Amino acid sequence: MQELKAYRKNQVWMMDITWLKSPVTGIWYYAYVIEDLYDRSIVAWMIFENESDVHNVIILCDNYLDTFQEVA
């Protein structure tokens with residue numbers, strides 16, 4: 001497997017989904033986090049009550065447009 005490398009900020013983003021326990025047994029929250037591979041900074045994060053591919057699209061589209069509109 002080839003290792004990804006980033007030589008500048010906003011070149012490669014990576015996503016993680018972490019399960020967070022709630023105070024209620026059997027109930028979980030899901031933290032969606034986008035990190036910049038270059039410096040491991042957090043680009044964006046959101047907490048959801050369920051896990052879904054739709055959440056990936058929402059957070060990526062929202063933050064992609066915000067980040068790259070500033071550059072233009």
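Is D39 buried, partly exposed or exposed? D39 is partly exposed, with a relative accessible area of 38%. Buried here means under 20% relative accessible area, exposed means over 50%, and partly exposed lies in between (1.4 Å probe, protein chains only). The points below place D39 in its setting.

1. **Basis of the model.** This is a predicted model: local features need pLDDT of at least 70, side-chain atom pairs count only at pLDDT 80 or more, and totals for chains, interfaces and linings use all residues. Residues are numbered from 1 along each chain as its sequence is written, and side-chain values use heavy atoms, with hydrogens and water left out.

2. **Confidence.** pLDDT is the predictor's confidence in each residue, on a scale from 0 to 100. The protein has a mean pLDDT of 87, and 89% of its residues reach 70 or more. Among its elements, β2 has the highest mean, 95. Helix α1 (residues 53-71) has the lowest, 74. Read claims about the helix with that value in mind.

3. **Overall layout.** The protein has one helix and three strands. From the N terminus on, the elements run β-β-β-α. Helices (H or I, at least four residues) and strands (E, at least two) are DSSP runs, numbered from the N terminus. Of the 72 residues, 24% count as buried.

4. **The sheet.** Three strands form an open sheet in the order β1-β2-β3, with antiparallel pairing. β1 (13-21) and β3 (42-48) are the edge strands, and each pairs on one side only. From one strand to the next, the twist averages 15°. Axes for such angles are lines fitted to C-alpha atoms, for helices over the stretch in contact; angles run from 0 to 180 degrees between N-to-C directions. Two strands count as paired if DSSP finds at least two bridges between them. As background, strands of a sheet pair through backbone hydrogen bonds, either parallel or antiparallel.

5. **The β2-β3 hairpin.** Strand β2 (residues 28-36) runs antiparallel to β3, and six bridges join them. I34 has A44 as its bridge partner in β3. Y30 has F48 as its bridge partner in β3. The two strands form a hairpin with five residues between them. R40 sits in the turn. Phi of R40 is near 60°, a positive value in a residue other than glycine. R40 counts as exposed, at 52% relative accessibility.

6. **A second positive phi.** N10 lies in the segment before β1. Its phi is near 65°, again a positive value in a residue other than glycine. N10 counts as partly exposed, at 23% relative accessibility.

7. **Salt bridges.** A salt bridge is a side-chain nitrogen of Lys or Arg within 4 Å of a carboxyl oxygen of Asp or Glu. The count comes to two. K9 forms one with D36, where the closest N and O atoms are 4.0 Å apart. This pair links distant parts of the chain: K9 in the segment before β1 and D36 in strand β2, 27 residues apart. K9 forms another with D39, at 3.2 Å between the closest N and O atoms. K9 lies in the segment before β1 and D39 in the loop between β2 and β3, so this pair ties together parts that are 30 residues apart in sequence. K9, D36 and D39 are thus linked in a network of salt bridges.

8. **Exposure within the network.** What is the burial state of D36? D36 is buried, with a relative accessible area of 0%. K9 counts as partly exposed, at 42% relative accessibility.

9. **Nonpolar surface.** L20, V24, I27, Y29, I42, W45 and I47 make a nonpolar surface patch of about 670 Å². Patches are made of residues with over 30% relative accessible area and no salt bridge: like charges are joined within 9 Å, nonpolar side chains (Val, Leu, Ile, Met, Phe, Trp, Tyr) within 5 Å. Accessible areas come from the Shrake-Rupley method with a 1.4 Å probe; for residues, only the protein chains shown count as cover. β3 gives the most to the patch, with three residues. I27 is found in the loop between β1 and β2. I27 counts as partly exposed, at 41% relative accessibility.

10. **Helix and sheet.** H55 is found in helix α1. H55 is buried, with a relative accessible area of 10%. H55 and Y30 are 25 residues apart in sequence and 9.9 Å apart in space, C-alpha to C-alpha.
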